[in-house]
Amino acid sequence: KPNNPTMTGKTQTSNVTNKNDPKSINSRVFIGNLNTAIVKKGDIEAIFAKYGKIVGCSVHKGYAFVQYMSERHARAAVAGENARIIAGQPL
């Protein structure tokens, strides 16, 4: 049975970013002013994956959340991506 090529070597991240565990709140990044008509979940994950392991990513109209394994990764992502222009809009 052949492998699904879209799944090879890529773990699907969860759509859940609103865990109630207090520790996970500090490892969640809010991404505002997002052009979600153009920018999709895969794009967000590609941009933010360089800061650490993403365990969840949820995209909503105009914004998104990225849930990291650790607070350190979330802080690095905020520092590195704040005000970055994506699809013509500063995050």
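**Exercise 1.** Classify Tyr63 by its relative accessibility of 30%.

*Solution.* The model is predicted, and all values below are computed from it. Buried ends at 20%, and exposed starts over 50%. Tyr63 has 30%, so Tyr63 counts as partly exposed.

Now take its ring. Tyr63 pairs with Phe65, with 6.0 Å between the centres and 85 degrees between the planes. Planes over 60 degrees apart count as edge-to-face. The Tyr63–Phe65 pair is therefore edge-to-face. Phe65 is partly exposed, at 21%.

**Exercise 2.** Which residue places its charge over the face of Phe65?

*Solution.* Look for a charge within 6 Å of the ring centre. Arg28 lies over the face of Phe65, 5.7 Å from the ring centre.

**Exercise 3.** How many aromatic pairs are there, and what is the geometry of Phe30 with Tyr63?

*Solution.* The count is three aromatic pairs. In one of them, Phe30 and Tyr63 have ring centres 5.7 Å apart and planes at 35 degrees, so this pair is tilted. Next, place the partners. Phe30 is in strand 1 (residues 28-31) and Tyr63 in strand 3 (residues 63-68), so the pair ties together parts 33 residues apart in sequence. Phe30 is exposed, at 52%. Finally, put the rings together: Phe30, Tyr63 and Phe65 make up one aromatic cluster.

**Exercise 4.** Find the salt-bridge partner of Lys41 and place both residues.

*Solution.* Side chains of opposite charge can pair when their charged atoms come close. The limit is 4 Å. Lys41 meets Glu45 at 3.8 Å, N to O. Both sit in helix 2 (residues 41-48), four residues apart, which is about one turn. Check the surroundings. Lys41 is partly exposed at 24%, whereas Glu45 is buried at 9%.

**Exercise 5.** What spacing in helix 3 separates Arg75 and Glu71?

*Solution.* Start with the contact. Arg75 and Glu71 form a salt bridge at 2.4 Å, N to O. They are four residues apart in helix 3 (residues 71-81), so about one helical turn separates them. Arg75 is exposed at 56%. Glu71 is partly exposed at 30%.

**Exercise 6.** Which residues are linked with Arg84 in a network of salt bridges?

*Solution.* First, Arg84 bridges to Glu81, with the closest N and O atoms 3.0 Å apart. Then extend the network: Lys50, Glu81 and Arg84 are linked by salt bridges. Compare accessibility. Arg84 is partly exposed at 33%, but Glu81 is buried at 3%. For the final tally, the model has four salt bridges.

Key:
Residues numbered from 1 in each chain as written. Predicted model: local features only at pLDDT ≥ 70, side-chain atom pairs only at ≥ 80, totals over all residues. Heavy atoms only, no water. Salt bridge = Lys/Arg side-chain N within 4 Å of Asp/Glu carboxyl O. Helix = DSSP H or I, 4+ residues; strand = E, 2+ residues; numbered from the N terminus. Buried < 20%, exposed > 50% of the residue type's maximum accessible area, 1.4 Å probe, protein only. Phe/Tyr/Trp six-rings, centres within 6.5 Å; stacked < 30°, edge-to-face > 60°. Lys NZ or Arg CZ within 6 Å of the ring centre and 35° of its normal.
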